[in-house]
Amino acid sequence: MADVEGLKIAKDYHVGVPFANQEGFYVKGANHLDWGMKKHLSNIFDPKSGNTVMFAFDHGYFMGSTAGLERLDLVIPKLLPNIDVLMGTRGALRTCVSPDCRKAVALRATSGSSMMNDDLSHEVLAVDIEEAVRMNADCLAIQTFIGADGQLSSLDNLSKAVNLGMRYSIPVMGVVAVGKQMERTPRFFKLATRILAELGANIIKTYYCDDFEEVVAACPVPIVVAGGKKLPEKDALTLAYNSIKGGAKGLDMGRNIFQSEHSVEMSAAIRKIVHEGFTDKEAYEFYEDAIHTK
Ligand code: R5P
(Lines give C-alpha, C1' and ligand atoms only; values in the text may rest on other atoms or scores of the structure.)
Protein backbone atom coordinates (compact mmCIF):
# COMPACT_ATOMS: atom_id res chain seq x y z
CA MET A 1 0.00 0.00 0.00
CA ALA A 2 1.37 3.40 -0.98
CA ASP A 3 2.59 5.74 1.74
CA VAL A 4 -0.20 8.35 1.91
CA GLU A 5 1.95 10.97 3.62
CA GLY A 6 2.54 13.97 1.35
CA LEU A 7 0.27 12.57 -1.36
CA LYS A 8 -0.33 14.96 -4.27
CA ILE A 9 -3.93 16.06 -4.84
CA ALA A 10 -5.44 14.52 -7.99
CA LYS A 11 -6.42 17.34 -10.33
CA ASP A 12 -5.90 16.38 -13.97
CA TYR A 13 -9.35 15.00 -14.86
CA HIS A 14 -9.49 16.01 -18.57
CA VAL A 15 -13.19 16.68 -18.06
CA GLY A 16 -13.87 17.54 -21.71
CA VAL A 17 -12.09 14.48 -23.11
CA PRO A 18 -14.34 11.48 -23.92
CA PHE A 19 -13.62 8.12 -22.28
CA ALA A 20 -10.87 6.51 -24.35
CA ASN A 21 -11.73 2.81 -24.27
CA GLN A 22 -15.24 3.02 -25.72
CA GLU A 23 -15.02 1.50 -29.21
CA GLY A 24 -17.36 -1.41 -29.78
CA PHE A 25 -19.88 -1.05 -26.97
CA TYR A 26 -21.68 2.03 -25.71
CA VAL A 27 -21.65 1.42 -21.95
CA LYS A 28 -18.63 3.00 -20.29
CA GLY A 29 -16.01 0.50 -19.16
CA ALA A 30 -17.88 -2.50 -20.58
CA ASN A 31 -15.93 -2.87 -23.83
CA HIS A 32 -14.14 -6.03 -22.77
CA LEU A 33 -16.99 -7.74 -20.95
CA ASP A 34 -18.68 -10.81 -22.39
CA TRP A 35 -21.98 -11.10 -24.25
CA GLY A 36 -24.05 -11.88 -21.16
CA MET A 37 -22.76 -8.86 -19.25
CA LYS A 38 -23.38 -6.61 -22.24
CA LYS A 39 -26.88 -8.00 -22.65
CA HIS A 40 -27.73 -7.14 -19.05
CA LEU A 41 -26.15 -3.69 -19.36
CA SER A 42 -28.15 -3.00 -22.51
CA ASN A 43 -31.31 -3.99 -20.63
CA ILE A 44 -30.38 -1.27 -18.13
CA PHE A 45 -28.97 1.49 -20.37
CA ASP A 46 -31.08 2.39 -23.39
CA PRO A 47 -28.97 1.75 -26.51
CA LYS A 48 -30.31 4.93 -28.14
CA SER A 49 -29.82 7.52 -25.40
CA GLY A 50 -27.23 5.52 -23.45
CA ASN A 51 -29.10 6.46 -20.28
CA THR A 52 -31.48 4.91 -17.78
CA VAL A 53 -34.36 5.77 -15.46
CA MET A 54 -34.18 3.54 -12.41
CA PHE A 55 -36.97 3.52 -9.88
CA ALA A 56 -35.70 2.79 -6.35
CA PHE A 57 -38.28 1.17 -4.10
CA ASP A 58 -35.91 -0.89 -1.96
CA HIS A 59 -36.38 1.35 1.10
CA GLY A 60 -38.30 -1.35 2.94
CA TYR A 61 -35.16 -3.47 3.23
CA PHE A 62 -34.08 -1.33 6.18
CA MET A 63 -36.95 1.18 6.73
CA GLY A 64 -39.94 -1.13 6.65
CA SER A 65 -43.08 0.51 5.30
CA THR A 66 -42.11 3.94 3.94
CA ALA A 67 -44.37 6.93 3.19
CA GLY A 68 -45.49 6.56 -0.41
CA LEU A 69 -44.54 2.88 -0.58
CA GLU A 70 -47.19 1.50 1.76
CA ARG A 71 -48.70 -0.49 -1.12
CA LEU A 72 -46.04 -1.62 -3.57
CA ASP A 73 -48.68 -3.56 -5.51
CA LEU A 74 -50.49 -0.29 -6.30
CA VAL A 75 -47.54 2.08 -6.65
CA ILE A 76 -45.28 0.16 -9.03
CA PRO A 77 -47.61 -0.79 -11.92
CA LYS A 78 -48.72 2.78 -12.67
CA LEU A 79 -45.09 3.96 -12.91
CA LEU A 80 -43.87 1.19 -15.20
CA PRO A 81 -44.33 3.04 -18.52
CA ASN A 82 -41.80 5.67 -17.43
CA ILE A 83 -39.26 3.35 -15.81
CA ASP A 84 -36.39 1.36 -17.36
CA VAL A 85 -35.13 -0.44 -14.27
CA LEU A 86 -36.85 -1.64 -11.12
CA MET A 87 -34.53 -1.44 -8.11
CA GLY A 88 -36.01 -3.51 -5.34
CA THR A 89 -35.69 -6.43 -2.98
CA ARG A 90 -36.49 -9.95 -4.09
CA GLY A 91 -39.44 -9.92 -1.68
CA ALA A 92 -40.98 -6.83 -3.24
CA LEU A 93 -40.26 -7.93 -6.79
CA ARG A 94 -41.59 -11.46 -6.37
CA THR A 95 -44.77 -10.38 -4.58
CA CYS A 96 -45.71 -7.10 -6.25
CA VAL A 97 -44.23 -6.98 -9.76
CA SER A 98 -45.57 -9.05 -12.59
CA PRO A 99 -42.77 -11.03 -14.28
CA ASP A 100 -44.18 -10.07 -17.68
CA CYS A 101 -43.51 -6.34 -17.14
CA ARG A 102 -40.37 -6.47 -19.35
CA LYS A 103 -38.42 -4.04 -17.20
CA ALA A 104 -34.82 -4.55 -16.14
CA VAL A 105 -34.14 -5.52 -12.54
CA ALA A 106 -31.53 -4.10 -10.15
CA LEU A 107 -31.78 -6.60 -7.36
CA ARG A 108 -31.04 -5.33 -3.86
CA ALA A 109 -28.63 -8.01 -2.68
CA THR A 110 -27.34 -6.77 0.69
CA SER A 111 -29.14 -6.41 3.99
CA GLY A 112 -28.58 -6.53 7.73
CA SER A 113 -29.36 -3.05 9.00
CA SER A 114 -32.58 -1.39 10.12
CA MET A 115 -33.83 1.96 11.34
CA MET A 116 -33.83 0.48 14.85
CA ASN A 117 -30.01 0.77 14.91
CA ASP A 118 -27.85 3.90 15.03
CA ASP A 119 -25.17 2.37 12.85
CA LEU A 120 -26.63 1.20 9.55
CA SER A 121 -23.29 0.33 8.00
CA HIS A 122 -23.10 -3.39 8.79
CA GLU A 123 -24.59 -5.57 6.10
CA VAL A 124 -24.11 -9.00 4.56
CA LEU A 125 -24.45 -10.34 1.04
CA ALA A 126 -27.93 -11.76 1.45
CA VAL A 127 -28.96 -13.02 -1.98
CA ASP A 128 -27.09 -15.94 -3.48
CA ILE A 129 -26.09 -15.88 -7.11
CA GLU A 130 -28.38 -18.75 -8.16
CA GLU A 131 -31.31 -16.71 -6.83
CA ALA A 132 -30.17 -13.73 -8.91
CA VAL A 133 -30.01 -16.01 -11.98
CA ARG A 134 -33.49 -17.39 -11.22
CA MET A 135 -34.85 -13.84 -11.03
CA ASN A 136 -33.06 -12.87 -14.23
CA ALA A 137 -31.49 -9.92 -12.37
CA ASP A 138 -29.76 -7.44 -14.64
CA CYS A 139 -27.51 -6.25 -11.83
CA LEU A 140 -26.88 -6.83 -8.13
CA ALA A 141 -27.16 -3.68 -5.99
CA ILE A 142 -24.57 -3.72 -3.21
CA GLN A 143 -24.60 -1.04 -0.51
CA THR A 144 -21.15 0.22 0.49
CA PHE A 145 -20.06 2.37 3.42
CA ILE A 146 -16.74 4.04 2.66
CA GLY A 147 -15.31 5.69 5.78
CA ALA A 148 -17.87 4.14 8.13
CA ASP A 149 -17.55 1.31 10.65
CA GLY A 150 -18.94 -1.18 8.14
CA GLN A 151 -16.48 -0.29 5.36
CA LEU A 152 -14.57 -3.60 5.47
CA SER A 153 -17.62 -5.86 5.46
CA SER A 154 -19.37 -3.81 2.78
CA LEU A 155 -16.33 -3.93 0.48
CA ASP A 156 -16.12 -7.66 1.20
CA ASN A 157 -19.78 -7.93 0.11
CA LEU A 158 -19.03 -5.95 -3.04
CA SER A 159 -15.96 -8.02 -3.92
CA LYS A 160 -17.82 -11.30 -3.39
CA ALA A 161 -20.69 -10.05 -5.54
CA VAL A 162 -18.25 -9.04 -8.30
CA ASN A 163 -16.60 -12.49 -8.16
CA LEU A 164 -20.00 -14.19 -8.46
CA GLY A 165 -21.24 -11.70 -11.04
CA MET A 166 -18.21 -12.35 -13.24
CA ARG A 167 -18.86 -16.09 -12.99
CA TYR A 168 -22.49 -15.76 -14.13
CA SER A 169 -22.26 -12.57 -16.23
CA ILE A 170 -24.38 -10.44 -13.91
CA PRO A 171 -23.19 -6.83 -13.49
CA VAL A 172 -22.80 -5.30 -10.03
CA MET A 173 -24.00 -1.84 -9.07
CA GLY A 174 -22.01 -0.43 -6.15
CA VAL A 175 -24.19 1.93 -4.11
CA VAL A 176 -22.40 4.73 -2.25
CA ALA A 177 -24.08 5.25 1.11
CA VAL A 178 -23.97 8.50 3.00
CA GLY A 179 -24.58 8.50 6.73
CA LYS A 180 -25.07 10.96 9.56
CA GLN A 181 -21.36 11.07 10.38
CA MET A 182 -20.11 10.72 6.81
CA GLU A 183 -18.93 13.62 4.68
CA ARG A 184 -20.73 14.56 1.44
CA THR A 185 -17.92 16.40 -0.28
CA PRO A 186 -16.58 16.07 -3.83
CA ARG A 187 -13.45 14.55 -2.24
CA PHE A 188 -15.56 11.82 -0.61
CA PHE A 189 -17.59 11.04 -3.74
CA LYS A 190 -14.46 10.92 -5.92
CA LEU A 191 -12.86 8.54 -3.44
CA ALA A 192 -15.89 6.30 -2.98
CA THR A 193 -16.91 6.01 -6.64
CA ARG A 194 -13.38 5.26 -7.78
CA ILE A 195 -12.83 2.63 -5.07
CA LEU A 196 -16.02 0.80 -6.05
CA ALA A 197 -15.12 0.88 -9.76
CA GLU A 198 -11.60 -0.36 -9.07
CA LEU A 199 -13.04 -3.23 -7.02
CA GLY A 200 -14.99 -4.26 -10.10
CA ALA A 201 -18.43 -2.64 -9.89
CA ASN A 202 -19.90 -2.15 -13.38
CA ILE A 203 -22.24 0.70 -12.40
CA ILE A 204 -22.00 3.18 -9.52
CA LYS A 205 -24.94 4.78 -7.79
CA THR A 206 -23.92 7.92 -5.95
CA TYR A 207 -25.05 11.46 -5.12
CA TYR A 208 -24.73 14.65 -7.13
CA CYS A 209 -22.14 17.09 -5.74
CA ASP A 210 -19.96 20.07 -6.65
CA ASP A 211 -17.33 19.20 -9.28
CA PHE A 212 -19.57 16.32 -10.38
CA GLU A 213 -17.96 16.31 -13.85
CA GLU A 214 -14.65 15.39 -12.20
CA VAL A 215 -16.31 12.56 -10.25
CA VAL A 216 -17.66 11.24 -13.57
CA ALA A 217 -14.38 11.71 -15.45
CA ALA A 218 -12.38 9.80 -12.84
CA CYS A 219 -14.83 6.89 -12.70
CA PRO A 220 -14.33 4.29 -15.48
CA VAL A 221 -17.92 2.95 -15.32
CA PRO A 222 -21.31 4.70 -15.64
CA ILE A 223 -22.66 6.70 -12.73
CA VAL A 224 -26.36 6.91 -11.88
CA VAL A 225 -27.42 9.60 -9.45
CA ALA A 226 -29.49 8.88 -6.36
CA GLY A 227 -32.50 11.03 -5.65
CA GLY A 228 -32.24 11.42 -1.88
CA LYS A 229 -34.80 13.08 0.34
CA LYS A 230 -37.99 14.51 -1.18
CA LEU A 231 -37.50 17.92 -2.79
CA PRO A 232 -40.04 20.21 -4.45
CA GLU A 233 -40.60 18.79 -7.96
CA LYS A 234 -38.91 21.78 -9.63
CA ASP A 235 -35.75 21.25 -7.57
CA ALA A 236 -35.75 17.49 -8.15
CA LEU A 237 -35.93 18.10 -11.91
CA THR A 238 -33.01 20.52 -11.63
CA LEU A 239 -31.05 17.85 -9.76
CA ALA A 240 -31.87 15.39 -12.56
CA TYR A 241 -30.89 17.85 -15.28
CA ASN A 242 -27.61 18.86 -13.60
CA SER A 243 -26.74 15.19 -13.13
CA ILE A 244 -27.25 14.30 -16.80
CA LYS A 245 -25.53 17.50 -17.92
CA GLY A 246 -22.62 16.61 -15.64
CA GLY A 247 -22.18 13.20 -17.26
CA ALA A 248 -24.41 10.85 -15.24
CA LYS A 249 -25.89 8.05 -17.34
CA GLY A 250 -29.15 8.03 -15.45
CA LEU A 251 -31.10 8.65 -12.30
CA ASP A 252 -32.02 6.14 -9.62
CA MET A 253 -34.81 7.97 -7.83
CA GLY A 254 -37.14 6.82 -5.13
CA ARG A 255 -38.78 9.39 -2.86
CA ASN A 256 -38.67 12.19 -5.42
CA ILE A 257 -40.95 10.03 -7.53
CA PHE A 258 -43.12 7.98 -5.19
CA GLN A 259 -43.62 10.75 -2.61
CA SER A 260 -44.68 13.25 -5.26
CA GLU A 261 -48.38 13.99 -5.25
CA HIS A 262 -48.20 13.38 -9.01
CA SER A 263 -45.78 10.48 -9.17
CA VAL A 264 -46.70 9.35 -12.70
CA GLU A 265 -46.24 12.84 -14.16
CA MET A 266 -43.02 13.29 -12.18
CA SER A 267 -41.57 10.04 -13.50
CA ALA A 268 -42.56 11.08 -17.04
CA ALA A 269 -40.79 14.43 -16.60
CA ILE A 270 -37.64 12.70 -15.32
CA ARG A 271 -37.78 10.45 -18.39
CA LYS A 272 -37.85 13.50 -20.68
CA ILE A 273 -34.59 14.74 -19.15
CA VAL A 274 -32.88 11.35 -19.16
CA HIS A 275 -33.84 10.19 -22.66
CA GLU A 276 -35.00 13.21 -24.65
CA GLY A 277 -32.56 15.95 -23.68
CA PHE A 278 -35.11 18.18 -21.95
CA THR A 279 -33.75 20.93 -19.71
CA ASP A 280 -35.07 21.19 -16.15
CA LYS A 281 -37.20 24.16 -17.22
CA GLU A 282 -38.72 22.25 -20.13
CA ALA A 283 -39.31 19.20 -17.95
CA TYR A 284 -41.02 21.29 -15.28
CA GLU A 285 -43.28 22.88 -17.89
CA PHE A 286 -44.09 19.39 -19.16
CA TYR A 287 -44.87 18.29 -15.57
CA GLU A 288 -47.10 21.32 -14.92
CA ASP A 289 -48.99 20.80 -18.19
CA ALA A 290 -49.42 17.12 -17.40
CA ILE A 291 -50.84 17.66 -13.91
CA HIS A 292 -53.22 20.39 -15.09
CA THR A 293 -54.60 18.38 -17.99
CA LYS A 294 -55.09 15.06 -16.24
C1 R5P B 1 -29.77 3.76 -1.34
O2 R5P B 1 -28.95 3.83 -0.54
C3 R5P B 1 -30.89 2.81 -1.28
O4 R5P B 1 -30.90 2.05 -2.44
C5 R5P B 1 -32.16 3.52 -1.04
O6 R5P B 1 -33.10 2.70 -0.49
C7 R5P B 1 -32.74 4.19 -2.23
O8 R5P B 1 -31.82 4.33 -3.26
C9 R5P B 1 -33.15 5.54 -1.85
O10 R5P B 1 -33.71 6.22 -2.93
P11 R5P B 1 -34.12 7.74 -2.72
O12 R5P B 1 -33.06 8.33 -1.85
O13 R5P B 1 -34.16 8.33 -4.07
O14 R5P B 1 -35.45 7.73 -2.05
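What follows is a short chat about aromatic rings in a predicted model.

Biologist: What should I know about the model and numbering?
Modeller: It is a predicted model, where local features need pLDDT of at least 70 and side-chain atom pairs count only at pLDDT 80 or more, while totals for chains, interfaces and linings use all residues. Residues are numbered from 1 along each chain as its sequence is written, and side-chain values use heavy atoms, with hydrogens and water left out.

Biologist: How many aromatic pairs does the structure hold?
Modeller: Nine. Rings of Phe, Tyr and Trp (its six-membered ring) pair if their centres lie within 6.5 Å; planes under 30 degrees apart count as stacked, over 60 as edge-to-face and the rest as tilted.

Biologist: What sort of pair do F25 and Y26 form?
Modeller: A tilted one, 4.9 Å centre to centre with 45° between the planes.

Biologist: Are F25 and Y26 buried or exposed?
Modeller: F25 is buried at 13% relative accessible area, and Y26 is partly exposed at 29%. Buried means under 20% relative accessible area, exposed over 50%, partly exposed in between (1.4 Å probe, protein chains only).

Biologist: And Y208 with F212, what angle between the planes?
Modeller: 40°, so that pair is tilted too, with 5.0 Å centre to centre. Y208 is partly exposed at 30%, whereas F212 is buried at 0%.

Biologist: Which residues form a cluster with F55?
Modeller: F57 and F258 join F55 in one aromatic cluster.

Biologist: Changing topic, which ring does the charged end of R184 sit over?
Modeller: The ring of Y207, 6.0 Å from its centre. The criterion is NZ of Lys or CZ of Arg within 6 Å of the ring centre and within 35 degrees of the ring normal.

Biologist: Where does K234 lie?
Modeller: Over the face of Y284, 5.8 Å from the ring centre.
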